[in-house]
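Student: I'm new to this one. Can we go through it together and check where the labels come from?

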Amino acid sequence: MLFRSIKNFADILFCNEDEIKSLYECDLESAKHKVEEMGKETVITLGSNGSTVFRNNEWTNVEAYKPKAVIDTTGAGDLFAAGYLHGYLNNLSQQECLEKGNELSAKIIQQIGARFYFFFLLKLPFPFFGLTTLDLYFLVNRSFAIKFFFLTNLIAMFGTINKVIVSEG
């Protein structure tokens with residue numbers, strides 16, 4: 001039943017190494033042969049060993065990005081799929097699709113949680129207590145539009161944003 005559903009209704013199958021082995025109840029190499037028999041585009045993430053895709057009757061492998069540190073793997077698979085699909089929808093090659101997925105998943109595992117965080121440094125004129133400026137740091141992770149609107153109004157009144165940093169851990 002599950003295989004029929006995959007074959008008839010799935011355009012792309014995303015799974016990690018454990019999931020593909022569990023699906024076919026065999027080792028990775030045997031599972032890859034069964035993927036070939038089924039003929040569906042299948043993307044397999046292999047953790048620190050990179051990723052591989054079966055598309056157009058051929059396998060393409062890409063090495064993993066090496067993050068500075070692995071903090072939390074929450075969201076790594078979802079971000080990988082997002083990067084891969086971005087490449088797919090923009091007609092990138094199989095290798096480039098895998099590289100996009102690997103890049104995003106490598107970035108997200110360098111922080112806690114499955115959302116990217118943005119840090120803003122806002123320098124305001126502050127001629128009090130012997131200071132010339134007041135440095136305010138903002139962490140933006142939710143309700144970005146509201147916070148950004150608030151920040152842009154502050155900037156218009158008082159100062160400038162000196163840095164925008166996407167957290168990498």
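**Helices first, then strands**

Tutor: Sure, and keep in mind that this is a predicted model. Start with two helices in contact: Ala76, Leu79, Phe80, Ala82, Gly83, Tyr84, His86, Gly87 and Tyr88 of α4 touch Cys97, Leu98, Lys100, Gly101, Asn102, Leu104, Ser105 and Ile108 of α5. Sorted by class, that contact has ten nonpolar, six polar and one charged residues.

Student: Why are α4 and α5 called roughly antiparallel?

Tutor: Look at the angle: α4 (residues 76-89) and α5 (residues 94-108) pack at about 150°, and their axes are 7 Å apart. Angles over 145 degrees count as roughly antiparallel, so α4 and α5 get that label.

Student: What is the handedness of the crossing of α4 and α5?

Tutor: That crossing is right-handed.

Student: On to the strands. What makes β2 largely enclosed by the rest of the structure?

Tutor: Buried means under 20% relative accessible area. Four of the five residues in β2 (residues 41-45) are buried, so the rest of the structure largely encloses this strand.

Student: How do you know that β1 and β2 pair?

Tutor: Pairing takes at least two bridges. β1 (residues 12-16) and β2 have five and run parallel, so they count as paired. One of the partners to look for: Phe14 is bridged to Val43 in β2.

Student: And which way do β2 and β3 pair?

Tutor: In the antiparallel sense, with four bridges between β2 and β3 (residues 51-55). Thr42 sits opposite Phe54 in β3. The two strands, β2 and β3, make a hairpin with five residues between them, and Gly47 in the turn has a positive phi of about 60°.

Definitions and conventions: Residues are numbered from 1 along each chain as its sequence is written. This is a predicted model: local features need pLDDT of at least 70, side-chain atom pairs count only at pLDDT 80 or more; totals for chains, interfaces and linings use all residues. Side-chain values use heavy atoms; hydrogens and water are left out. Axes are lines fitted to C-alpha atoms, for helices over the stretch in contact, and angles run from 0 to 180 degrees between N-to-C directions. Angles under 35 degrees count as roughly parallel, over 145 as roughly antiparallel, 65 to 115 as roughly perpendicular and the rest as oblique. A crossing is left-handed if the near helix is turned anticlockwise from the far one by less than a right angle, and right-handed if clockwise. Contact means heavy atoms within 4.5 Å. Ala, Val, Leu, Ile, Met, Phe, Trp, Tyr, Cys and Pro count as nonpolar, Asp, Glu, Lys and Arg as charged, and the others, Gly among them, as polar. Buried means under 20% relative accessible area, exposed over 50%, partly exposed in between (1.4 Å probe, protein chains only).
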